[in-house]
Amino acid sequence: MNASQRSARLPGRDEGGKAEMFTRTIFNEDHELFRDQVRRFVAEEITPHHAQWEKDGRVSREAWKKAGENGLLCAAMPEEYGGSGADFLFSMVVMEELAAAGAMGPGFSLHSDIVAPYILHYGSEALKQEWLPQMARGEKIGAIGMTEPAAGSDVQGIKTTAIRDGDDFVINGQKVFITNGGNCDVLVLACKTDPSQGARGTSLILVPADTPGFRKGNQLLEKVGWKAQDTAELFFDNVRVPASNLLGTDGRGFYQLMEQLPQERLLQCVRATAALEAALQWTVDYVTERRAFGQTIADFQNTRFKLAEIKAQAVMLRVFTDKCLEMHVAGELDAVDAAMGKMLTSEALCRSLDDMLQFFGGYGYMWEYPIARAWADARVGRIAGGTGEVMREIIGRSLLGGRK
């Protein structure tokens, strides 16, 4: 079995007892060699520590630096800015392997595939040279500040302001539910530089976390899942940053966010699909060993029927997700495609995990079991990056010509 086949395997067995295969074609041999490297790194440097990180509420900085040393961060970043100069699919290998291991603590993907691209695409040469190499090495951790107490999926409703004062912007406001917020060294901040202009007054500004007036919440936010992820509130009290920290053009922030959201939603598709495949394998392994009423759980027809449904769903989602990846690499993925993928994968993962947890009985509700963690971790996927309801609105409007 070659590396590509190993990564493409989905749980299930044919009548002869051989493992069935679903052959993926999007990854080449170089991607799969990198996958083997990532898988070893996760097994040695992530999985053994993840339970402690859940207790701490954050991933250690040492792990971030090791990830950088091993090429797991900013893999798609050009070499001139400290990256590997690889294609986007190398970053997706990292995401898939973390999801397959149930390791939701490391915010590597947000750092590498959301924050870093904003700096790369819209930042000045000076900002790129200053921040991107350090981010690639894991020395500096990035976050993005969009969500506020009264503005979630509706990013036009943000209230945080950045008012021009000479050669500086003066920032006031608050952000909440910020991934990597506890560890972050640099923040891509969505704010209003002209509050009277609505969406047209929104801008993106790069804010170093050590700037006076920038404060992180006294405690990390305690969540239902993703317990090793350092999610935080951020506060800005007359934070003064140079006007040169503006990303792109003043007043274009809303459009920059919209340009990058399809990739952000695609990341969630990739994570959800990989997590579903992993959870299905855990469940197959469990039901074929666990016995009840003189037979294995797998011997019950209900078990076979339910797992058959979940496998079929996983295969369909895998085909669609890989197609979306292929389209994104070719520059063809639009907001509607990404919305469909994000909606379908996040909701299917939640439904399927609930069904699979049931097969574990009381053990499925114990935090020490990966299925319990996966069940709790999955729920936020229907909220983060745009709720399922917002995804439906995007898809519905595309069908009706933009009519309300």
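This section describes the internal cavities, two helices, a set of paired strands and two buried loop residues of a predicted model.

The cavities come first. Two cavities of 30 Å³ or more were counted. The largest cavity holds about 70 Å³ of space. Its lining consists of Ala 99, Gly 102, Met 104, Ala 275, Trp 282, Leu 349, Leu 353, Ala 374, Asp 377 and Ala 378. Eight of these lining residues are nonpolar, one is polar and one is charged. Helix 7 (253–287), helix 9 (335–359) and helix 10 (370–378) each contribute at least two residues to this lining. Helix 10 gives the most, with three residues.

The second largest cavity holds about 40 Å³ of space. Asp 113, Ile 114, Pro 117, Tyr 118, Gln 260, Gln 263 and Glu 264 line the second largest cavity. Two elements, helix 5 (108–122) and helix 7, give two or more residues each to the lining of the second largest cavity. Helix 5 supplies the largest share, four residues. By character, the lining of the second largest cavity comprises three nonpolar, two polar and two charged residues. Helix 7 thus appears in the lining of the largest cavity and in that of the second largest.

Helix 4 (88–100) was examined next. Helix 4 has 13 residues. From first C-alpha to last, helix 4 reaches 19 Å, close to the 18 Å expected at 1.5 Å a residue. Twelve of the 13 residues of helix 4 are buried, so this helix is largely enclosed by the rest of the structure. The buried residues are Phe 88, Leu 89, Phe 90, Ser 91, Met 92, Val 93, Val 94, Met 95, Glu 96, Glu 97, Leu 98 and Ala 99. Their cover includes helix 2 (29–56), helix 5, helix 7 and helix 8 (301–329). Ala 99, buried in helix 4, also belongs to the lining of the largest cavity.

Helix 6 spans residues 125–136 and has twelve residues. Helix 6 reaches 16 Å from its first C-alpha to its last, close to the expected 16 Å. Buried residues in helix 6 are Leu 127, Lys 128, Trp 131, Leu 132, Pro 133, Gln 134, Met 135 and Ala 136. Both helices and strands take part in covering these residues. The helices include helix 3 (61–69) and helix 5. The strands include strand 3 (142–145), strand 6, strand 7 (202–208) and strand 10 (246–247). Gly 138 follows helix 6 and has a positive phi, near 80 degrees.

The strands form a series of antiparallel pairs. Strand 4 (residues 161–165) pairs with strand 5 in the antiparallel sense over five bridges. In this pair, Thr 161 stands opposite Asn 172 of strand 5. The two strands form a hairpin with two residues between them. Gly 166 lies in the turn and has a positive phi of about 65 degrees.

Strand 5 also pairs with strand 9 (residues 232–242), in the antiparallel sense and over eight bridges. Here Ile 178 stands opposite Ala 232 in strand 9. Strand 9 has a further antiparallel partner in strand 8 (residues 214–216), with three bridges. Arg 215 has Phe 235 in strand 9 as its bridge partner.

Two loop residues complete the account. Asn 180 is in the loop between strand 5 (168–178) and strand 6 (186–192). Asn 180 counts as buried because its relative accessibility is 0%, and the cut-off for burial is under 20%. Beyond its neighbours within four places in sequence, Asn 180 is in contact with Trp 64, Gly 107, Leu 110, His 111, Ile 141, Gly 142, Ala 143, Gln 229 and Asp 230.

Gly 107, one of these contacts, lies in the loop between helix 4 and helix 5. Gly 107 has 8% relative accessibility and therefore counts as buried. Leaving aside neighbours within four places in sequence, Gly 107 is in contact with Trp 64, Asn 180 and Gln 229. Trp 64 and Gln 229 are also in contact with Asn 180. The C-alpha atoms of Gly 107 and Leu 266 are separated by 16 Å, and these two residues are 159 residues apart along the chain.

Definitions and conventions
Residues numbered from 1 in each chain as written. Predicted model: local features only at pLDDT ≥ 70, side-chain atom pairs only at ≥ 80, totals over all residues. Heavy atoms only, no water. 1 Å grid on protein atoms, 1.4 Å probe; cavity = no way out; pocket = protein on both sides within 12 Å on 5 of 7 lines; lining within 4 Å. Points joined across faces, edges and corners; volume = space filled by probe spheres on them. Nonpolar A, V, L, I, M, F, W, Y, C, P; charged D, E, K, R; others polar. Buried < 20%, exposed > 50% of the residue type's maximum accessible area, 1.4 Å probe, protein only. Contact = heavy atoms within 4.5 Å. Expected span 1.5 Å × (residues − 1). Pairing = 2+ DSSP bridges.
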